[in-house]
Amino acid sequence: MIVRHLQDIIGTENETTAETWSSRRMLLKKDQMGFSFHDTVIYAGTETHIWYQNHLEAVYCVQGKGEIETVADGKVYPINDGTMYALNEHDEHYLRATEDMRLICVFNPPLTGRETHDENGVYPLIEE
Ligand code: 9YT
């Protein structure tokens, strides 16, 4: 059984920050759950280009407002408390926040803890 609190993660090596977001990684590959589980904040007024070519991600918004635009078709979907989106086709997208957005994210395969976006919005596949 694993029990963790957000306060145990903040400020540790399991918190990864970028210019537009902060990711508090609560479960990682080493926890052997088959997925990783993150509590993330996307900062208000930002746009992030993301393209998880090596991962599938599901995202559930529990706070804040924003939108996601899929690059392939230009569709824009509003995001607010209660919205879930799943990047089941490794969808390249732009994530925009009008308010700080708190997003609960699950990755398959699980992140190892070190990943951050490269210049194309991709996380590398890290084999250990
Ligand atoms: C929703 C999203 O992909 N945000 C960027 C951070 C990422 N979720 C992560 O590493 O937790």
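Ala, Val, Leu, Ile, Met, Phe, Trp, Tyr, Cys and Pro are counted here as nonpolar, Asp, Glu, Lys and Arg as charged, and the remaining residues, Gly among them, as polar. The structure examined is a predicted model. Two sites are described in turn, the ligand site and the largest pocket.

The ligand is surrounded by 16 residues, of which Ser23, Arg25, His38, Tyr52 and Tyr123 are the closest. By class, this shell is made up of 10 nonpolar, four polar and two charged residues. Polar atoms of several side chains face oxygen atoms of the ligand at short range: the distance is 2.6 Å for a polar side-chain atom of Ser23, 2.7 Å for a side-chain N or O atom of His38 and 2.8 Å for a side-chain N or O atom of Tyr52. The ligand taken alone exposes 310 Å², and 100% of this area is buried by the protein. The space that the ligand takes is the largest cavity. Two or more residues of the shell come from each of strand E2 (21-27), strand E3 (36-42) and strand E10 (101-108).

The largest pocket has a volume of about 230 Å³. It is lined by 15 residues, and those closest to its centre are Thr70, Tyr77, Ala86, Leu87 and Asp91. At least two lining residues are supplied by each of strand E6 (65-70), strand E7 (76-80) and strand E8 (84-86). In the classes set out above, the lining of the largest pocket comprises nine nonpolar, two polar and four charged residues.

Conventions. Residues are numbered from 1 along each chain as its sequence is written. This is a predicted model: local features need pLDDT of at least 70, side-chain atom pairs count only at pLDDT 80 or more; totals for chains, interfaces and linings use all residues. Side-chain values use heavy atoms; hydrogens and water are left out. A residue is near a molecule or strand if one of its heavy atoms lies within 4 Å of it. A polar contact is a pair of N or O atoms within 3.5 Å; within protein, one must be able to donate a hydrogen and the other to accept it, and residues adjacent in sequence count only if both atoms are side-chain atoms. Accessible areas come from the Shrake-Rupley method with a 1.4 Å probe; for residues, only the protein chains shown count as cover. On a 1 Å grid over the protein atoms alone, a cavity is a set of points where a 1.4 Å probe fits but cannot get out, and a pocket is an open set with protein on both sides within 12 Å along at least five of seven lines; lining residues have an atom within 4 Å of a point. A molecule sits in a cavity or pocket if more than half of its atoms lie within 2 Å of its grid points. Helices (H or I, at least four residues) and strands (E, at least two) are DSSP runs, numbered from the N terminus. Grid points are joined across faces, edges and corners, and a volume is the space filled by probe spheres set on the points.
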